[in-house]
Amino acid sequence: MLFGDSSHNFEFIYNYYLKFVAEILLYLRNFVLYICLWVVGYLCVCCVVYRRYARKLPTRTRGSLGAKRVLLVIAHPDDECMFFGPTIFRLCEQGAEVYILCLSNGNFEGKGNVRRQELWDACHELGVPDRNICLVMDTRLQDNPKAHWPAPVIAKLIHHTLEAYDIDTLVTFDRGGVSSHPNHSAVFYAVAYMFVEKIMPKKCAVYTLDSVNILRKYFGFLDLPLSFVLSSKRYFLRWTESRRVARGMKRHKSQMVWFRHLYVMFSRYIVINTLRKINLADIELELEVDD
């Protein structure tokens, strides 16, 4: 009698276990199916956005800032391709005069002289003439993530360049600096200093490059729909055009270690730039967040 009861209990538990496993497998199958549908749907949206905006709209109507004379301020050689490639490429194509102010020669590994020439070679690939490139050699602005770059020093250099070249649009890093490099962020704080001290020319529009989370950062062209939804100013490139930016990045041979090859393949910043126009009110808000 007891044996019969044990067999009955065992059969009941076994059947319950099979039912439980079947339900789990059904749930997993449905979950995977839903994920696949979402992925396929998102890929379709990406393709529609790409075809509608990247391929069909005339070049001069895509993401234009209305700029004629643009100053791009970067911290190191290779920043121009690694982060700002689509902006530089498109502005040059739209007929804007693009100037680049690089605040260091990238001598962190003792390759400053090599990286200097690489900057000129890469800018040539993007369409920026040699005469429009300015590389700063200041001992207070050393390429080093642990170095403190004084905001007044950078601000003075930027202000002088804006006045010298009659710049109407300034483009640089936001507070996050894309890669959280302190030298990148220091450029933003120098721009903030210019706003607070009221030395930013009133005729000069200021834009910062959006820093995005790591998932979006390596989403490539798949970040197009999010970029359209979340940003009002954007520059993006056709696949063939983004190859120009990739070639420019590869001009920085001294920096092309294995993981930068992966960066060129997957980074959204090779094909998409989203920009945000900032003013004194934005700067004050950013500084309050820091405090």
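This passage describes the sheet, the helices packed on it and the salt bridges of one predicted model.

The model is predicted, so local features need pLDDT of at least 70 and side-chain atom pairs count only at pLDDT 80 or more, while totals for chains, interfaces and linings use all residues. Residues are numbered from 1 along each chain as its sequence is written, and side-chain values use heavy atoms, with hydrogens and water left out.

Helices and strands are DSSP runs numbered from the N terminus (helices: H or I, at least four residues; strands: E, at least two). Two strands pair if DSSP finds at least two bridges between them. Seven strands form an open sheet. Their order is 3-2-1-4-5-7-6, and the pairing is mixed. Strand 3 (133-135) and strand 6 stand at the edges. Each has a single partner strand, so one side of each is left without a neighbour in the sheet. Neighbouring strands of this sheet are turned by 25° against each other on average, direction ignored. For such angles, axes are lines fitted to C-alpha atoms (for helices over the stretch in contact), and angles run from 0 to 180 degrees between N-to-C directions.

The parallel sense appears between strand 1 (residues 69-74) and strand 4 (residues 169-173), which pair over three bridges. Here L72 has V171 of strand 4 as its bridge partner. The antiparallel sense appears on both sides of strand 7. Strand 5 (residues 205-209) pairs with strand 7 over four bridges. Y207 is matched with K277 of strand 7. Strand 6 (residues 233-236) also pairs with strand 7 in the antiparallel sense, over four bridges. Y235 is matched with N273 of strand 7.

Burial is judged by relative accessible area: buried means under 20%, exposed over 50%, and partly exposed in between (1.4 Å probe, protein chains only). Strand 7 (residues 272-278) has five buried residues out of seven, so this strand is largely enclosed by the rest of the structure. T208 lies in strand 5. At 1% relative accessibility, T208 is buried. Contact means heavy atoms within 4.5 Å. Leaving aside residues up to four places away in sequence, T208 touches T172, F173, D174, F188, T274, L275, R276 and I278.

Helices cover parts of the sheet. Helix 4 (residues 112-126) lies across strand 1, strand 2 (97-102) and strand 3. Helix 4 runs at about 160° to strand 3. Helix 6 (residues 182-196) lies across strand 1, strand 4, strand 5 and strand 7. Helix 6 runs at about 140° to strand 4.

Helices also pack against each other. Angles under 35 degrees count as roughly parallel, over 145 as roughly antiparallel, 65 to 115 as roughly perpendicular and the rest as oblique. Helix 3 (residues 85-93) and helix 9 pack at about 115°, with their axes 10 Å apart. That makes helix 3 roughly perpendicular to helix 9. The contact joins G85, P86, F89, R90 and E93 of helix 3 to E241, R244 and V245 of helix 9. Helix 4 and helix 9 pack at about 170°, with their axes 8 Å apart. These two helices are therefore roughly antiparallel to each other. The contact is made by A122, E125 and L126 of helix 4 and by R244, V245, R247 and G248 of helix 9.

Side chains of opposite charge can pair when their charged atoms come close. A salt bridge is a side-chain nitrogen of Lys or Arg within 4 Å of a carboxyl oxygen of Asp or Glu. A search of the whole structure finds 14 salt bridges. In one of them, E97 pairs with R131, the closest N and O atoms being 3.7 Å apart. E97 is in strand 2 and R131 in the loop between helix 4 and strand 3, so the pair links distant parts of the chain, 34 residues apart. E97 is partly exposed at 23% relative accessible area, whereas R131 is exposed at 63%.

R251 and E125 also meet in a salt bridge (3.2 Å, N to O). R251 lies in the loop between helix 9 (239-250) and helix 10 (258-266), and E125 in helix 4, so the pair ties together parts that are 126 residues apart in sequence. R251 is partly exposed at 37% relative accessibility, whereas E125 is buried at 13%. D223 and R216 form a salt bridge with their closest N and O atoms 2.8 Å apart. Both residues, D223 and R216, are buried. Finally, salt bridges that share partners join R90, E93, R238 and E241 into one network.
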